[in-house]
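Student: Please put the sequence and the structure up first. I will then ask about one place at a time.

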Amino acid sequence: MERILPFTEEHHQFREMARKFFETEVKPHHEEWEKNHIVPKEVWRKAGENGLLCPDVPTEYGGSGADFLYNIIIIEESSRVGNSGFFISLHNDVIAPYISTYASDEQKKRWLPKCASGESILAVAMTEPGAGSDLKSLRTSAIDKGDHFVVNGQKTFISNGQLADLIITAVKHDNGTISLVMIEEGMKGFERGRNLDKIGLKAQDTSELYFNDVIVPKTNLIGKQGQGFRYLMQKLAQERLVLSVAAVEATRLVQTLTLQYIKERKAFGQKIGSFQNTKFKMAEMATELEMAQVFCDKVVMEHMKGENTTAEASMCKWYTTEMQKRHTDECLQFFGGYGYMMEYPIARAYLDARIQTIYAGTTEIMKEIIGRSLGL
């Protein structure tokens, strides 16, 4: 089906390059990364050399100054090979925009060039043991000491937590307001906890972080003091939208793997794909996937025009991630016992899909947001 997104010849050429990168630099190594529970920093630098990091960052700050469709292409090609460890979209589409939008010119010049080259890896620390979607319950404190803050607290479930050099951290002041500060590798009192053992995303370093009297200069305050909650809310729509793009492509991969299998595997003397139940199930899933693709593309276009897509991004996020989870489960069934074996990509896809309806706002939170947009 032809996409409604306005991809140009330059976009298609970029896609070919991105596809080659993920096919050669990510796919063959992913199983090893899963065993090690971490991605080597080398792949980040290679991605930077190929212009795959922060493509929409202005050229004066080390990026390519490209439009957002280049980011979309990177997300799709990453998901196309089943990448669930090298969190390039988190770096490009979720965290770097906080710097591009809210940081000062001096901060942009200090941080963004290394983010674009792969020398610096980004993380964002919001979630705490007692505060997930409810950001107002944050307890990590920042005491104002004039020219610096003293930060104390703990964060958990932080993606890129072991590798990150720059961590945008949500902190709370005495007056209850929230700010965003950049905590950098090497700051005294900043410690990384264990690399968390998850049921999926085995190659992704997801960690606990600890801040014990960390002195953070005010030159590392991002935007205005006390405006952190507003900044986080403004950027969540894009985070949810890019997760939707990834979910659509991940679902497409699962369907492709399944089609290949059911066209070859036989049961009762005939190919599994020839059974009516199989045909109907695959037909239903193929239809739903194409409908999700069109809606997702529509919201991407609206987002690129600068329109408020808070509700629509929430619709995309819950629907596409629930679709991914459900389709992966239904497709695994066609593999029979082999679908339960970790050597088969469908088994790994099944485990990786489970987190999709949880992070960046659960399905329930998405529906709450949509309900409020309806005046309920």
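Student: Which element gives the largest share of the lining of the second largest pocket?
Tutor: Helices and strands here are DSSP runs numbered from the N terminus (H or I and at least four residues for a helix, E and at least two for a strand). A pocket is an open set of points on a 1 Å grid over the protein atoms alone, with protein on both sides within 12 Å along at least five of seven lines, and its lining residues have an atom within 4 Å of a point. With 4 residues, the largest share of this lining comes from helix 7.

Student: What pLDDT do local features need in this model?
Tutor: Residues are numbered from 1 along each chain as its sequence is written, and side-chain values use heavy atoms, with hydrogens and water left out. The model is predicted: totals for chains, interfaces and linings use all residues, side-chain atom pairs count only at pLDDT 80 or more, and local features need a pLDDT of at least 70.

Student: What is the volume of the second largest pocket?
Tutor: A volume is the space filled by probe spheres set on the grid points, which are joined across faces, edges and corners. For the second largest pocket, this comes to about 270 Å³.

Student: How many residues in the lining of the second largest pocket are charged?
Tutor: The lining has 13 residues, and Arg3, Arg19, Glu249, Arg252 and Gln293 lie nearest the centre of the pocket. Two or more residues each come from helix 1 (9–26), helix 4 (68–80), helix 7 (228–262) and helix 8. Asp, Glu, Lys and Arg count as charged, Ala, Val, Leu, Ile, Met, Phe, Trp, Tyr, Cys and Pro as nonpolar, and the others, Gly among them, as polar. By these classes the lining divides into 2 nonpolar, 2 polar and, as charged residues, 9.

Student: Is glutamate 249 buried or exposed?
Tutor: Glutamate 249 lies in helix 7, and contacts (heavy atoms within 4.5 Å) link glutamate 249 to Glu76, Ser79 and Arg80, leaving aside neighbours within four places in sequence. Buried means under 20% relative accessible area, exposed over 50% and partly exposed in between, with a 1.4 Å probe and protein chains only. Because its relative accessible area is 11%, glutamate 249 is buried.

Student: Which residues does threonine 309 touch?
Tutor: Threonine 309 is found in the loop between helix 8 and helix 9. At 2% relative accessibility, threonine 309 is a buried loop residue. Not counting residues up to four places away in sequence, threonine 309 touches Ala237, Val299, Glu302 and His303.

Student: Is glycine 306 buried or exposed?
Tutor: Glycine 306 lies in the loop between helix 8 (276–304) and helix 9. Its relative accessible area is 64%, so glycine 306 is exposed.

Student: What span does helix 9 reach from its first C-alpha to its last?
Tutor: Helix 9 covers residues 310–334, which is 25 residues. The expected span is 1.5 Å times one less than the number of residues, giving 36 Å here. The model is close to that value, at 37 Å.

Student: Where is leucine 201 in the chain, and which cavity does it line?
Tutor: Leucine 201 lies in the loop between strand 6 (190–195) and strand 7 (206–217). Most residues other than glycine have a negative phi, whereas phi of leucine 201 is near 50°. Leucine 201 counts as buried at 9% relative accessibility. Together with others, including Glu34, Met342 and Asp352, leucine 201 lines the largest cavity.

Student: How much space lies in the largest cavity?
Tutor: A cavity is a set of points where a 1.4 Å probe fits but cannot get out, and the count of cavities of 30 Å³ or more comes to 1. Helix 10 (residues 345–353) gives the most to the lining, with 3 residues, and the lining has 4 nonpolar, 1 polar and 4 charged residues by class. The space in the largest cavity is about 40 Å³.

Student: What percentage of residues 123–214 is strand?
Tutor: UniProt, in an unreviewed entry, lists this span as "domain: Acyl-CoA oxidase/dehydrogenase middle"; such annotations may be inferred rather than shown by experiment, and their positions are given in the numbering used here, with feature names shortened. The end C-alpha atoms of the span lie 17 Å apart, its helix content is 0%, and its strand content is 52%.
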